[in-house]
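Reader: Before I take any labels on trust, could you show me how each one is earned? I would like the cut-off next to the value every time.

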Amino acid sequence: MLSESGIRQLFERRYVPANCHLLGDSGYPCKPWLLTPYLQPRQGPQLNYNRAHKTTRAVVERGIGQLKRRFHVLHGEVRLRPEKVSKVIIACAILHNICKVRQIAEPLEDGDEDEDGDNDEDGGEEDIHIPQGNRAQSGLPYRANFTNLHFRDADGAGAADGNGV
């Protein structure tokens, strides 16, 4: 899906500022604009990076879960043209934000907690890795520099300076 998306083209053509990033799981190729986790992180910056990556992805996934609980149209496949489905998603997000401002509780469903079952605390990544070849992995040196710049502190404080993931 990402390979066909307009957002990929915006990043690849450098319409998006260099300090903006997307996060992806290990099934995606690492790129300067698409940060993926280390598969076998070493202690220190790599482990700190993976922990911050996982925490940030979890926030996004919880938000998606909230939208899906509130608007069942977002469960499963939405059979609409891409132009229409993007409008439906935007409308759901706006309505969800209105509900949050007005403190309207979201519906609860069984099994919504930790939908991906990912509870490892070591910052490791358990997603399936799909090799993408050298060209697709062009972001590895960028990720290494990014990691060493922002996650070098042993306690992960490098990410707290506002320049982290």
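Author: Happy to. Helices and strands are DSSP runs numbered from the N terminus, a helix being H or I over at least four residues and a strand E over at least two. By that rule the protein follows the pattern α-β-β-α-α-α-α along its sequence, with five helices and two strands. This is a predicted model, where local features need pLDDT of at least 70 and side-chain atom pairs count only at pLDDT 80 or more, while totals for chains, interfaces and linings use all residues. Residues are numbered from 1 along each chain as its sequence is written, and side-chain values use heavy atoms, with hydrogens and water left out.

Reader: Why are Glu12 and Lys31 called a salt bridge?

Author: A salt bridge needs a side-chain nitrogen of Lys or Arg within 4 Å of a carboxyl oxygen of Asp or Glu. The closest N and O atoms of Glu12 and Lys31 are 3.8 Å apart, so the pair qualifies. Glu12 lies in helix α1 (residues 6-12) and Lys31 in the loop between β1 and β2 (34-35), so the bridge ties together parts that are 19 residues apart in sequence. Their C-alpha atoms are separated by 9.5 Å.

Reader: How do you know whether Glu12 and Lys31 are buried or exposed?

Author: Buried means under 20% relative accessible area, exposed means over 50%, and partly exposed is in between, using a 1.4 Å probe and protein chains only. Glu12 has 36%, so Glu12 is partly exposed. Lys31 has 16%, so Lys31 is buried. Across the protein's 165 residues, 32% count as buried.

Reader: What makes Arg57 and Glu61 a salt bridge, and where in the protein do they sit?

Author: Their N to O distance is 3.1 Å, and this falls within the limit for a salt bridge. Both residues belong to helix α2, four residues apart, so about one helical turn separates them. Arg57 counts as buried because its relative accessibility is 15%, while Glu61, at 32%, counts as partly exposed.

Reader: Why is Arg81 called exposed when its partner Glu83 is called partly exposed?

Author: Arg81 has a relative accessible area of 54%, so Arg81 passes the cut-off for exposed. Glu83 has 49%, so Glu83 stays in the partly exposed class. The closest N and O atoms of this salt bridge are 3.5 Å apart. A search of the whole structure finds five salt bridges, these among them.

Reader: What makes the largest space a pocket, and which residues are closest to its centre?

Author: On a 1 Å grid over the protein atoms alone, a cavity is a set of points where a 1.4 Å probe fits but cannot get out, whereas a pocket is an open set with protein on both sides within 12 Å along at least five of seven lines; lining residues have an atom within 4 Å of a point. The largest pocket holds about 820 Å³. There are 17 lining residues, and the closest to the centre are Met1, Leu23, Tyr28, Val60 and Ile64. Elements giving two or more residues to the lining are β1 (22-23), α2 (45-70) and α3 (82-101). The largest share, six residues, comes from α2.

Terms used. Points joined across faces, edges and corners; volume = space filled by probe spheres on them.
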